[in-house]
Amino acid sequence: MSEDSKMIKTGKFSILFLLGLLPALLLPLDLFAQDFTLEATVSENRIFVGEQFNLSIEVSGSSMRDVSLPTLPQLSGVRVLSSTPSRSTSISIINGRTTTSTTYSYSLIARDTGVHTIPSVSIQIDGETRTTDPIQIEIIEKGNLSTDGSEQLPDIFLEIELDDENPVTGQQIVASVVLYFKQGIEITSFQPTAGWRTDGFWKEELENTRQPEPESVILNGVRYRTATLLRYALFPSQNGELTLAEYPMSVGVRTRPTRNDPFGSFFGGGVNQRRVSLESEPIDINVKPLPEADENAVTINAVGDLNIDRSLNRTEVVTGETVELTTTIRGTGNVPLLRRPIYDLPDGLDLYTPEESSNVERRGLSIRGDKTFTELLVPRAPGRYTIPEQKIAVFDARNSRYEYITLPTVSFTANPSSSRNLAATSGSNQDLPGPITGLAVWNNPESTPLHQTSLFWILLGVPFIALIAGYLKKNQLDRLKTDRNYSRSYNALEKAEARIEQAKQAHENQKPKELYNQLHKALTGFISDKAGLPEAGISDSDLIEKVKEENADSETVKLLKQLLDKCATISYAPAGSMADQQADIDKTERLIKELKKLF
């Protein structure tokens with residue numbers, strides 16, 4: 001064989017070898033590009049209403065460089081506790097090959113019964129969009145029958161228990177937040193989550209002076225422990241079908257160690273505990289309207305065991321002076337919802353804007369206290385003014401009937417406003433001096449030197465005062481530029497007032513969410529600026545605690561908490577009527593004035 005033929009064969013062999021090696025070189029690159037797995041799983045496929053479960057998206061592979069956060073689709077039948085997932089990463093090395101696994105977990109709460117599908121979840125891996133397979137779940141009610149015919153209940157669940165599910169308008173009902181948990185589970189802590197919607201009710205949290213004490217009960221043949229954690233007094237403000245929304249709560253749990261006393265460690269500390277988010281089921285309440293009262297009785301929306309007094313602070317005045325008519329209602333019942341009695345006032349009296357004040361006690365299982373209405377009356381003419389007796393209707397919910405309280409007649413006398421002047425001037429003509437006769441001599445006082453007059457020294461001091469004022473103003477402007485905390489505190493009120501004005505504009509444009517967003521910024525921004533707190537990252541509860549540290553009175557703290565809670569829940573709760581929104585704007589303005597006194 002010639003050398004040329006050998007060279008040709010060798011060249012052909014080289015070309016064929018390279019052509020055969022090329023796919024082999026390219027194949028691993030393609031495999032590496034696809035060397036990952038993506039999977040979505042749930043911790044439970046059958047979940048009870050109000051129970052928490054987890055949705056996990058796991059991405060694992062050996063050549064991933066960039067993995068984005070998953071994008072959750074719209075989910076039906078569940079509520080996402082946090083739109084930001086928890087993230088965990090693990091690395092394993094097997095036979096020299098490194099595999100990275102990243103898991104994103106979302107906590108969900110089951111809401112609506114039935115079969116639901118969690119749609120595909122999308123995620124970016126190395127710039128390409130990948131999706132998971134859909135997952136089917138079933139949400140069942142507590143007490144559903146299992147395959148063996150017995151009722152099913154979760155290991156731990158929350159209930160709202162009412163002492164009356166058919167009240168009348170204004171009647172107090174007690175809503176108890178009750179936790180049920182199986183033997184072997186220990187509760188280490190609990191924390192209500194803001195946002196419990198009680199639309200159509202006035203809500204007051206009842207003070208609990210003792211720690212919850214667990215009791216043992218048997219449910220469907222299974223031993224549970226139960227504890228009443230909180231109680232609320234609810235007063236329906238309208239009749240009809242009303243719904244109490246799900247009550248959200250975060251609970252710390254752990255496996256209870258073996259102890260002789262199964263109740264002794266109910267609130268004990270410990271390690272390896274986890275937090276569980278729970279929700280009660282919504283409750284429908286049928287609120288009946290109050291029956292008709294006697295035609296000659298005044299109704300003030302009073303329900304309960306109440307006493308009413310009425311009095312005048314004076315029985316004799318001068319025409320044009322004010323008389324205070326005070327009505328005090330005290331006892332047990334819907335004290336916060338009481339309306340001012342409308343009396344039959346005689347002609348000739350001007351009524352000025354009434355004032356009201358209240359004092360409420362929340363101890364025990366009922367709301368007690370008093371509410372006072374003060375009306376300013378001004379007589380326009382002299383005479384005897386009589387306010388006739390008045391019958392007030394108070395509904396007794398326990399006996400389903402009205403009790404009537406008769407207020408006695410009250411009177412006062414208005415004397416003429418000129419009587420004193422006439423008495424003072426009577427007979428004064430006898431003392432008037434006679435005409436001046438003879439030569440009048442005018443004496444001119446000696447003139448005072450200019451430098452001895454007060455005006456001279458005042459004018460002399462004006463330039464020095466202006467110089468000092470200018471110096472202080474310059475120092476203030478310099479400090480506003482250099483001291484950020486001082487600048488924030490100095491401008492806090494102006495910023496808050498500007499945000500309230502924006503809230504008023506949103507109210508006129510019927511944009512309730514924007515309205516409450518501005519009110520929230522006005523309150524939180526004012527407190528943060530005045531107290532020198534960070535402008536971001538401070539929770540509403542931290543701000544409330546800061547106000548408490550400034551020795552704010554209980555009514556101020558209570559109003560602040562109510563407004564912040566309402567602002568926080570307005571994204572999914574009804575905003576109320578236009579009148580309610582205006583009332584919240586007015587409350588915010590009053591609250592800013594009270595907070596200004598603290599800082």
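## Close-up views of a predicted model

The protein has 8 helices and 29 strands. The model is predicted.

**Figure 1. Overview of the whole chain.** The protein counts 599 residues, and 35% of them are buried. Its accessible surface comes to about 35600 Å². Carbon and sulfur atoms hold 50% of that surface. Contacts were taken between residues at least 6 apart in sequence, and 72% of these join residues at least 24 apart.

**Figure 2. Phe 157 and Tyr 224, an aromatic pair between two strands.** The whole structure holds 8 aromatic pairs. In one of them, the ring centres of Phe 157 and Tyr 224 lie 5.9 Å apart. Their planes meet at 70°, so the pair counts as edge-to-face; the cut-off for that class is over 60 degrees. Phe 157 belongs to strand E11 (residues 156-162). Tyr 224 belongs to strand E16 (residues 222-236). The two residues are 67 apart, and the pair links distant parts of the chain. Phe 157 has a relative accessible area of 6% and is buried. Tyr 224 is buried as well, with a value of 1%. Buried means under 20%, so both residues qualify. Tyr 180 joins Phe 157 and Tyr 224 in one aromatic cluster.

**Figure 3. Trp 196 and Tyr 247, an aromatic pair between two loops.** This pair is edge-to-face, with 4.9 Å from centre to centre. The angle between the planes is 70°. Trp 196 sits in the loop between strand E13 (185-192) and strand E14 (201-205). Tyr 247 sits in the loop between strand E17 (240-244) and strand E18 (248-255). The pair therefore ties together parts that are 51 residues apart in sequence. Trp 196 and Tyr 247 are both buried.

**Figure 4. Charged side chains over tyrosine rings.** Arg 310 lies over the face of Tyr 343. The distance to the ring centre is 4.6 Å. Lys 391 places its charged end over the ring of Tyr 404. Here the distance to the ring centre is 4.9 Å.

**Figure 5. The cavity and its lining.** Which residues line the largest cavity? They are Val 49, Gly 50, Glu 51, Lys 142, Pro 154, Ile 156, Phe 157, Leu 158, Leu 278 and Glu 279. Two elements give two or more residues to this lining: E11 and strand E19 (274-279). E11 gives the most, with 3 residues. The search of the whole structure finds 1 cavity of 30 Å³ or more. The space inside the largest cavity is about 30 Å³. Phe 157 thus appears in two views: in the lining here, and in the aromatic pair with Tyr 224.

**Figure 6. Gln 510, a positive phi between helices H4 and H5.** Gln 510 is not a glycine, yet its phi is positive, at about 55°. The residue lies in the loop between helix H4 (484-508) and helix H5 (512-531). Is Gln 510 buried or exposed? Gln 510 is exposed, because its relative accessible area is 59% and the cut-off for exposed is over 50%.

**Figure 7. Asn 551, a positive phi between helices H6 and H7.** Asn 551 is a residue other than glycine with a positive phi, near 65°. The loop that holds Asn 551 runs between helix H6 (540-549) and helix H7 (554-569). Asn 551 is exposed, with a relative accessible area of 69%.

Note on methods:
Residues are numbered from 1 along each chain as its sequence is written. This is a predicted model: local features need pLDDT of at least 70, side-chain atom pairs count only at pLDDT 80 or more; totals for chains, interfaces and linings use all residues. Side-chain values use heavy atoms; hydrogens and water are left out. Rings of Phe, Tyr and Trp (its six-membered ring) pair if their centres lie within 6.5 Å; planes under 30 degrees apart count as stacked, over 60 as edge-to-face and the rest as tilted. Helices (H or I, at least four residues) and strands (E, at least two) are DSSP runs, numbered from the N terminus. Buried means under 20% relative accessible area, exposed over 50%, partly exposed in between (1.4 Å probe, protein chains only). A charge sits over a ring if NZ of Lys or CZ of Arg is within 6 Å of the ring centre and within 35 degrees of the ring normal. Contact means heavy atoms within 4.5 Å. Accessible areas come from the Shrake-Rupley method with a 1.4 Å probe; for residues, only the protein chains shown count as cover. On a 1 Å grid over the protein atoms alone, a cavity is a set of points where a 1.4 Å probe fits but cannot get out, and a pocket is an open set with protein on both sides within 12 Å along at least five of seven lines; lining residues have an atom within 4 Å of a point. Grid points are joined across faces, edges and corners, and a volume is the space filled by probe spheres set on the points.
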